[in-house]
Amino acid sequence: AFLGVEMKCARCHDAPTHVSKQQDLFEIAAMLNRAPLVLPETSSVHMDTLRQGGRKPLIEVTLLPGSTVSPAWPFAEFCDESTLLSIAETPDDSRDRLAALITAPQNERFAQVIVNRLWQRLMGRGLVPTISDWEKSSASHPELLHWLAREFVRSGYDLKSTSRLILTSHAYQRAVDPTLGETSVLYAATAG
């Protein structure tokens with residue numbers, strides 16, 4: 001939710017359309033649990049049943065039931081765990097480390113996901129249209145998204161300040177074209 005990464009398929013198998021694997025999901029779960037997790041029997045698709053039809057399954061299972069998964073940060077592309085341990089108030093606490101990694105100013109993805117959700121709420125369409133799954137689409141206005149995210153961090157993660165910034169923008173204050181069936185990706189409307 002905070003990184004725009006869809007992981008629900010990873011509960012039972014590696015999804016063919018997402019980069020997140022079972023390992024990633026259970027590493028985060030282990031961080032929240034503050035201890036290694038043993039993969040339950042219910043968190044795996046039995047591949048033998050899928051192969052019975054003679055076709056190669058679209059999904060893969062890389063963790064077997066009973067596997068132990070240690071706490072780890074699987075998203076080094078967003079924020080590197082080794083350089084941010086000093087940000088956590090209690091570096092030995094995996095939950096504190098996880099919160100620090102998600103909200104660190106170096107993790108631009110968090111700020112971008114939050115301002116994108118706010119933009120979608122106020123404007124009717126996100127700069128990244130698939131709000132919860134950024135793997136399926138990219139930003140229509142990447143420079144705007146980057147700038148809004150920087151302003152969000154600069155304001156101390158103040159949603160009211162960022163809302164005010166959007167609400168006082170020329171894009172928000174334009175007149176709405178009632179003939180449009182859907183919010184335009186260009187955020188253009190007729191002058192009223």
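Buried residues account for 36% of the 192 residues in the protein chain. The model is predicted. The protein chain holds 8 helices and 2 strands. Read along the sequence, these elements follow the order α-β-α-β-α-α-α-α-α-α. Contacts were also sorted by sequence separation. Among those between residues at least 6 apart in sequence, 58% join residues at least 24 apart.

Helix α7 was examined against two other helices, beginning with α5. Helix α5 spans residues 108-123, and helix α7 spans residues 159-167. Their axes come within 11 Å and cross at roughly 50°. The angle of roughly 50° is neither under 35 degrees nor in the range 65 to 115, so α5 is oblique to α7. The crossing of α5 and α7 is right-handed. On the α5 side, the contact is made by Ile 114, Val 115, Leu 118, Trp 119, Leu 122 and Met 123. On the α7 side, Leu 159, Thr 162, Ser 163, Ile 166 and Leu 167 take part. By class, this contact has 9 nonpolar and 2 polar residues. No charged residues contribute to the contact of α5 with α7.

Helix α6 also packs against α7. The axes of α6 and α7 come within 9 Å and cross at roughly 140°. This crossing, too, is right-handed. Helix α6 supplies Trp 147, Leu 148, Glu 151 and Phe 152 to the contact. Helix α7 supplies Leu 159, Thr 162, Leu 165 and Ile 166. The contact of α6 with α7 has 6 nonpolar residues, 1 polar residue and 1 charged residue. Leu 159, Thr 162 and Ile 166 of α7 are listed in the contact with α5 and again in the contact with α6.

Salt bridges were then searched for across the whole structure. The search finds 2. Side chains of opposite charge can pair when their charged atoms come close. One pair is Glu 151 and Arg 154, whose closest N and O atoms are 2.7 Å apart. Both residues lie in helix α6, which covers residues 142-154. They are 3 residues apart, about one turn of the helix. Glu 151 has 19% relative accessibility and therefore counts as buried, the cut-off being under 20%. Arg 154 has 59% relative accessibility, so it counts as exposed. Glu 151 is also one of the α6 residues in the contact with α7.

The other pair joins the side chains of Arg 34 and Asp 93, at 2.8 Å from N to O. This salt bridge links distant parts of the chain, with the two residues 59 apart. Arg 34 sits in the loop between α1 (22-33) and β1 (37-38). Asp 93 sits in the loop between α3 (81-84) and α4 (94-103). Arg 34 counts as partly exposed because its relative accessibility is 47%.

Backbone angles were considered last. Most residues other than glycine have a negative phi. Arg 34, the partner of Asp 93 in a salt bridge, has a positive phi, near 65°. Tyr 157 likewise has a positive phi, near 60°. Tyr 157 lies in the loop between α6 and α7. Its relative accessibility is 28%, so Tyr 157 counts as partly exposed.

Notes
Residues are numbered from 1 along each chain as its sequence is written. This is a predicted model: local features need pLDDT of at least 70, side-chain atom pairs count only at pLDDT 80 or more; totals for chains, interfaces and linings use all residues. Side-chain values use heavy atoms; hydrogens and water are left out. Axes are lines fitted to C-alpha atoms, for helices over the stretch in contact, and angles run from 0 to 180 degrees between N-to-C directions. Helices (H or I, at least four residues) and strands (E, at least two) are DSSP runs, numbered from the N terminus. Angles under 35 degrees count as roughly parallel, over 145 as roughly antiparallel, 65 to 115 as roughly perpendicular and the rest as oblique. A crossing is left-handed if the near helix is turned anticlockwise from the far one by less than a right angle, and right-handed if clockwise. Contact means heavy atoms within 4.5 Å. Ala, Val, Leu, Ile, Met, Phe, Trp, Tyr, Cys and Pro count as nonpolar, Asp, Glu, Lys and Arg as charged, and the others, Gly among them, as polar. A salt bridge is a side-chain nitrogen of Lys or Arg within 4 Å of a carboxyl oxygen of Asp or Glu. Buried means under 20% relative accessible area, exposed over 50%, partly exposed in between (1.4 Å probe, protein chains only).
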